[in-house]
Amino acid sequence: MGATTIARQCTLCEAHCGILVSVEDDRVTRIEGNPDDVLSKGYICPKATAMGGLHHDPDRLRTPVRRVGDGFEPIGWDEAFREIGRRLRRVRAEHGNSAIGMYLGNPAAHSSSVLYGGLLRTVLLTKNFYTASSIDQFPQEFVAWRMFGSNVLMPVTDIDRTHRLVVLGANPAVSNGSITTMPGAKQRIKDVRGRGGTVVVIDPRRTETARLADEHVAVTPGGDPYLLLAMLHVLVTEKLCDEGRIAAMCSGWGDIRALVAGFTPEQAAPHAGVDADTIRRLARDHAAAPSAVMYGRIGVCQTVTGTLTHWLINTINAVTGNLDRPGGQMFTTPPVDATRFGKYLPVAHGAWTDDSGTFKSFRSELPVGALADQILSDGDTKIRAMITYAGNPVLSTPQRGRLAPALDTLDFYVAVDMYVTETSRHADIILPPISPLEREDLDILMPVFSVRNNLRYNRRVFEPPADGLEDWEIMARLVSELLPLPARALTTRFVNSLFDKVSPLRLSALAIAAGPYGVLRRGRSGLTVAKVRESAGGIDLGPLLPRLRTLIGTRDRKVRLAPEDFVTAAAALIDAASEEPGAVHIADGFDLRLIGRRHLRSNNSWLHNIPSMMKGRPRCTALMHSGDAADRGLDDGAPVTVASKHGAIVVPLEISDDIRRGTVAIPHGWGHAEPGVGWSVAAAQPGANVNLLHDPAAVDTFSGNAAVNSTWVTVNAAPSETASTAVAAVSTIG
Ligand SMILES: Nc1nc2c(c(=O)[nH]1)N[C@H]1C(S)=C(S)[C@@H](COP(=O)(O)OP(=O)(O)OC[C@H]3O[C@@H](n4cnc5c(=O)[nH]c(N)nc54)[C@H](O)[C@@H]3O)O[C@H]1N2
Ligand SMILES: Nc1nc2c(c(=O)[nH]1)N[C@H]1C(S)=C(S)[C@@H](COP(=O)(O)OP(=O)(O)OC[C@H]3O[C@@H](n4cnc5c(=O)[nH]c(N)nc54)[C@H](O)[C@@H]3O)O[C@H]1N2
Ligand code: SF4
Ligand SMILES: [Mo]
C-alpha cells in the first residue's frame, strides 16, 4: 500500500479530536490534528499518537483466547461463542437471570457499538448490571433527574460564550472536558480571558487548569457543599438573584432561601477551607458577570456529597439567571436527539438492591462498589457468571482487593477486551474486538454533551482482518446465544445474519434522518451520512440553543430547585458544621486526605503499554506539599507507604507546593504488577493500585457513586524491603 492520509477521530477520550492518520506500507507513520475538524480545529493531545501504538501493539489480542492452566490459547470465534452460550445458558437455567453479571467500562461509550452493549444488557434481564458511570457521573445524572425530570438532561457548560468560568473539581486542561466535551480546552479557557472574561478554578490542587486561571481557590477536599451553600446565602441575602427568570422557570425558590438564610460564609469557611471574604466575592462576581457558568465534574462527583454538590452548582447557575442561556449551562441539540427522548427511559431509583441491601439500583444498574460482594454473596442475586465489556474494574474501582480473587470463584467469565488485563486475566474466554483504527463509525454519543452541536464520521484507516469482529458484532453474537431460540444450531446463524444487517452505523443513519436536522424533517437540505462522509472534518450544527422548555420532564415543566430530600440533607450538613472538621478521622490516626489526578499521557488504566505514553517522570506518585513532607521527614522521590483503613500501597513521593496542605494526590489506573497480565511495557513500570485504599461502601449518599475523593490516609517512609521494589520501579522510568 502506498502512502495515504485518512481523517477520523481519536476515540480515546470524550473529546474525540479530529486526527489525520498517515499510513505507509500498512504502518501508521504520523498522527496529526485535523485543522478542518469542526469541533477540535486541529487540537490533539499527546495521547492521539497512541492510536497508532495501540493498533501495532504486539500485546494486543487478535484472536479469541481460552484459559488453559495459568495461560491462554487461541480458539476460533465459532467455538468460543458456542462454549460461551452453553456455559452462560446453563448458569441462567440453574440460578436465574441475575446469576449472570455484566460490567460495561468507559471505552464502550466511545463507539456506537454501545447500542448493542445495551441490547445485551436488556436480554440478560439481570439485576447485576454495573458500569463505570457509578464511579463517574451518577451524581450528575441523579441531579438532572430530580431537577429537570430526566437523568439524560445533564447541562453542558457553554464555555465558548461565557464571561465567567468557574471550574470546580475538574481539570479540563488535562482531561479535555467531560459531560461538556471540549477538545482543546486549554485554548477555550484562554479565550474566555482573551475576550475580557474571568476564569476561576476551585480545586485542592493548583492544577494545569488553575495555572490558566485568574484565580485559584484551594478548597478542602469535600468542602465544596459548604462553599456553595454559603455562596447561595450571599446571593439570597444580598438580593443578587435573577428573580424574573427564577419565577418564570423554577419552583422551590422559597425553600432554598429558607435553607441558606442562616448559613454565613464565616460558618462555612473552616469546612470549605476558604475564607469568608473569598466566598462573598465568588458569589457577587458570579451574579455580576454578564454571563457566568460554574462547571463541576469528577472531583466533586466522587465524594459522599456528589449529588448535593452538583445540585448546588446547578442551583447557583439557575438563580443567577445562567441556566439555558448562552454563556451559562445549556442543553445540546444533537443529531440523534437523546436528550429529547431520554426522558422516557425509566430511572427507577431503588427498584432493587444488592444482597446486603446496602446499594440501591439507579437507571437499571447497581453501583459498582457492590460488585465483588455480589460475586462472593450467598444471597438470592449472587453472581455466578460474568461478562465484562471494555472495562478493567480490578484497577478502576474500589473493591478492597477482593474483586480479583472473587472473579476466580466464578463458574464462568467472558471478557470482551483486546488485552489480558488485571481484570480479563481471570476470564475463561477473552474476545478481542478489532482495533479502533479498523472501525467505521458515526459519533452519535459525544454530540449529546458537546460545546457545539455537530456530527462527525470515523473512516476506517485499515481494513479489518477477514475474521475480525467489532465490539457490536461480538455483542450481537452474545445476544443470540442468550435468546431462547428453538433449534439453536440452525436459528442462531439466521439471527446473526439478521443482526449483521442492522449495524450501529445503519441504525445511526436512520436515527439521524429522523432527528432534528434529518431529511424527514428538513427534506433534501437535511443532514445525511453521505454529507458527513464527504466533509473534511464533520459538520458543524451551530452553537447551543436555549431549549429547556421543550425538553424538561418535570410535571409542572419547571426546574425543581428544591427537591425535599436534597434540602433535608443540606440542612443536616449545615447542622454538622458546628463540629470540628475531620476530627473523627484525625483521632483515628489518619491525618491526610487523598484525592485523584489525571495525566495528559495516561487514560484511566489502559494506555500504559504504549512506549511513547510512558516517557518522562514516573506518574504513579503521591503528590504532597513540601510542608507536609518536611513534617514527616520525607524526601522527594523516596518510597512512601500510603495507608487507609482499608489497605496500603507503596509509591514514590513527589513534593510540590501546588497541592493544598493536608492533601495527597495519587492517580488511578496503575498497579500492573499482577501475574499473567499481558501488558509487557506496563509491567516494567507498574505503579500501584490506589483503589486498594478506598472503601467501596463510601458512596455519594443519593446516587451510590463511588466516593474515591477525600479518603483519609497516613503517609510514612516505606520499610526498606518494600522500598527497594518501589525504587527499582522508579529507576526504570525514562
Ligand atoms: N480512584 C479513582 N478511580 C477511578 C477514577 C478516579 O478518578 N479515581 N475515575 C473513574 C472513571 S471517570 C472511569 S470512566 C473509570 C474507567 O474504568 P473502566 O472503564 O473500568 O476502565 P478503563 O481503565 O477505562 O479500562 C478500559 C478497558 O477496556 C479495554 N478497551 C479499550 N478500548 C476498547 C474497545 O474499543 N473495546 C473493548 N472491548 N475494550 C476496549 C482496555 O484494554 C481496558 O482493559 O475509572 C474510574 N476509576
Ligand atoms: N489525560 C486524560 N484525560 C482524560 C482521562 C484520563 O484518564 N486522562 N479520563 C477521561 C475520563 S473517563 C473522565 S470521566 C474525565 C474526567 O475529567 P475531569 O473531571 O477533568 O477529571 P480530573 O482530571 O480527575 O479532575 C478532577 C479534579 O478534581 C479535583 N478535586 C479532587 N477532590 C476535590 C474536591 O473535593 N473538591 C474540588 N473542588 N476539587 C476536587 C482534583 O484535584 C482534580 O483536579 O477525563 C477524561 N479525560
Ligand atoms: S484529548 Fe487526546 S486522547 Fe482525548 S480525543 Fe483528543 S487527542 Fe484523543
Ligand atoms: Mo470517566
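## A tour of the ligands, cavities and one pocket

Select helix H7 (224-237), helix H24 (564-576), helix H25 (583-587) and strand E28 (711-717): each gives at least two residues to the lining of the second largest pocket. Helices (H or I, at least four residues) and strands (E, at least two) are DSSP runs numbered from the N terminus. The model is predicted, so to speak of local features a pLDDT of at least 70 is needed, and side-chain atom pairs count only at pLDDT 80 or more, while totals for chains, interfaces and linings use all residues. Residues are numbered from 1 along each chain as its sequence is written, chains are lettered from A and ligands numbered from 1 in the order in which they are written, and side-chain values use heavy atoms, with hydrogens and water left out.

**Stop 1: the second largest pocket**

Stay with this pocket, whose volume is about 910 Å³. To find its centre, select Val-304, His-585, Arg-593, Ser-710 and Trp-712, the closest of the 31 lining residues. Among the elements, H25 gives the most to the lining, with three residues. The lining divides into 13 nonpolar, 13 polar and five charged residues. In these classes, Ala, Val, Leu, Ile, Met, Phe, Trp, Tyr, Cys and Pro count as nonpolar, Asp, Glu, Lys and Arg as charged, and the others, Gly among them, as polar.

Pockets and cavities are both found on a 1 Å grid over the protein atoms alone. A cavity is a set of points where a 1.4 Å probe fits but cannot get out; a pocket is an open set with protein on both sides within 12 Å along at least five of seven lines; lining residues have an atom within 4 Å of a point. Grid points are joined across faces, edges and corners, and a volume is the space filled by probe spheres set on the points.

**Stop 2: ligand 1**

Next, select ligand 1 and the 32 residues around it (a residue is near if one of its heavy atoms lies within 4 Å). Tyr-103, Asn-106, Ser-396, Asp-417 and Ser-605 come nearest. Three polar contacts (pairs of N or O atoms within 3.5 Å) can be displayed here. Within protein, such a pair also needs one atom able to donate a hydrogen and the other able to accept it, and residues adjacent in sequence count only if both atoms are side-chain atoms.

- The side chain of Ser-605 has an N or O atom 2.6 Å from an oxygen atom of ligand 1.
- The side chain of Asp-471 has an N or O atom 2.7 Å from a nitrogen atom of ligand 1.
- Ala-390 has a backbone N or O atom 3.4 Å from an oxygen atom of ligand 1.

On its own, ligand 1 has 920 Å² of accessible area, and the protein covers 98% of this. Accessible areas come from the Shrake-Rupley method with a 1.4 Å probe; for residues, only the protein chains shown count as cover. The shell holds 15 nonpolar, twelve polar and five charged residues.

**Stop 3: ligand 2**

Move to ligand 2, which has 30 residues around it. Lys-47, Ser-175, Asp-203, Gly-222 and Ser-602 come nearest. Which distances are worth displaying for oxygen atoms of ligand 2?

- To an N or O atom in the side chain of Asp-203: 2.6 Å.
- To a backbone N or O atom of Asn-171: 2.8 Å.
- To a polar backbone atom of Ile-298: 3.2 Å.

The protein buries 97% of the 920 Å² that ligand 2 exposes when taken alone. Helix H5 (172-175) and helix H12 (298-301) are the elements that give two or more residues to this shell. By class, the shell has eleven nonpolar, 13 polar and six charged residues.

**Stop 4: ligand 3 and its cavity**

Select ligand 3, which takes up the space of the second largest cavity (more than half of its atoms lie within 2 Å of the grid points). Residues around ligand 3 include Cys-10, Cys-13, Cys-17, Cys-45 and Asn-176. Its shell has eight nonpolar, two polar and one charged residues. The cavity holds about 70 Å³ of space, and Tyr-43 is among its lining residues.

**Stop 5: the largest cavity**

The whole structure has three cavities of 30 Å³ or more. About 120 Å³ of space lies in the largest. Select Gln-140, Pro-155, His-310, Asn-314 and Gln-329, which lie nearest its centre among 16 lining residues. Helix H4 (138-148), strand E13 (293-296) and helix H13 (306-319) each supply at least two residues of the lining, and H4 gives the most, with four. Ten lining residues are nonpolar, six are polar and none is charged.
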